[in-house]
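Q: I am new to this structure and would like a close look at a single part of it. Please take one pair of packed helices and describe how they meet.

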Amino acid sequence: MFNLLLAELKREWIILRRYFTETIALIIGLVVAFYGIFQSARFIAGPEISLGDRADSLVIGYILWSMSIFILGNIAGGLQQEAQTGTLEQLFISPFRASQIFLIRAIGNLTIQLFLNALMLLIVMGITGARLSFPPVLILPLAAVLLGAYGLAMAMGSLALLLKRVQQVLGIFQFLLFFVLMVPTETWSSSVRGLGWLLPMTPGAELLRSVMARGETLQGGAVAIALLNGAAYFILGLLLFRIAEREAKRRGKLSGY
């Protein structure tokens, strides 16, 4: 398994070097898009109204959303690319399970994605003037968000495995995630907020906004809810992927398009 991790890290590094220009262009596009959203929010609020920590919360939500679409593209998009190039079948006849391969690949890609998202966060903080805190405890809600994101990516990967082409579904799903991560659920009423905790990544995103934007301390109960939410979606996504893997083998859908 360790050799597989080293191989995937090497693979991700080669891909990053080979398509470095495309990666930088994607980051620039995301930063420009956020700047447009930020300026629109300031225009709607009016020059006499200060956004305060709401602007910081907006920055956190957008960075989490961009990280989520990177993760979705890495697993679901990677499956489509493997099918298109005709190498998908080789993955499924390797000594490792396909779910293990894609999870290890995701871990290898995570190191690069965290660096790229940190770079994007610094750029966004520079152009918006956001002031965020980075206490060590934020690793717990961040882990909850990452678990949920990878669970959703595995679930979407199961669709890509069976349907092969899911670009439109991925596009719609990314807009749904935009709503989930950008809208601050902590401002909802108590009755609706309880339902919000069932949404993917929402509890972890709420805690990150509280810690990084408002400097609040973490409560043990809230952290437990966030981690349970992330773990539940991760286990569900992994289960769906393994079911789709068996079904794809039964139907003989591993040979590409």
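A: What follows describes one helix pair, then a helix that comes before the second member of the pair in the chain.

The model is predicted. Two packed helices are described by the angle between their axes and by the distance between those axes. Here the pair is helix α5, residues 98–128, and helix α10, residues 220–251. Their axes are 10 Å apart and form an angle of about 135 degrees, so α5 and α10 are oblique to each other. On the α5 side, the contact is made by A98, S99, F102 and L103. On the α10 side, F234, L238, F241, R242 and E245 take part. Sorted by class, this contact has six nonpolar residues, one polar residue and two charged residues.

Both helices can be set beside the record. An unreviewed UniProt entry lists several spans as "transmembrane region", including residues 101–127 and 218–241. In the model, residues 101–127 are 100% helix and 0% strand, with end C-alpha atoms 39 Å apart. Residues 218–241 are 92% helix and 0% strand, and there the end C-alpha atoms lie 33 Å apart.

Helix α9 covers residues 202–213. From first to last C-alpha, its twelve residues reach 16 Å, close to the 16 Å expected at 1.5 Å a residue. Twelve of the twelve residues of α9 are buried, so this helix is largely enclosed by the rest of the structure. Among the buried residues are E206 and R209, along with L207, L208 and V211. Just after α9, G215 has a positive phi of about 65 degrees.

Notes. Residues are numbered from 1 along each chain as its sequence is written. This is a predicted model: local features need pLDDT of at least 70, side-chain atom pairs count only at pLDDT 80 or more; totals for chains, interfaces and linings use all residues. Side-chain values use heavy atoms; hydrogens and water are left out. Axes are lines fitted to C-alpha atoms, for helices over the stretch in contact, and angles run from 0 to 180 degrees between N-to-C directions. Helices (H or I, at least four residues) and strands (E, at least two) are DSSP runs, numbered from the N terminus. Angles under 35 degrees count as roughly parallel, over 145 as roughly antiparallel, 65 to 115 as roughly perpendicular and the rest as oblique. Contact means heavy atoms within 4.5 Å. Ala, Val, Leu, Ile, Met, Phe, Trp, Tyr, Cys and Pro count as nonpolar, Asp, Glu, Lys and Arg as charged, and the others, Gly among them, as polar. The expected span of a helix is 1.5 Å times one less than its number of residues. Buried means under 20% relative accessible area, exposed over 50%, partly exposed in between (1.4 Å probe, protein chains only). UniProt positions are given in the numbering used here, feature names are shortened, and annotations may be inferred rather than shown by experiment.
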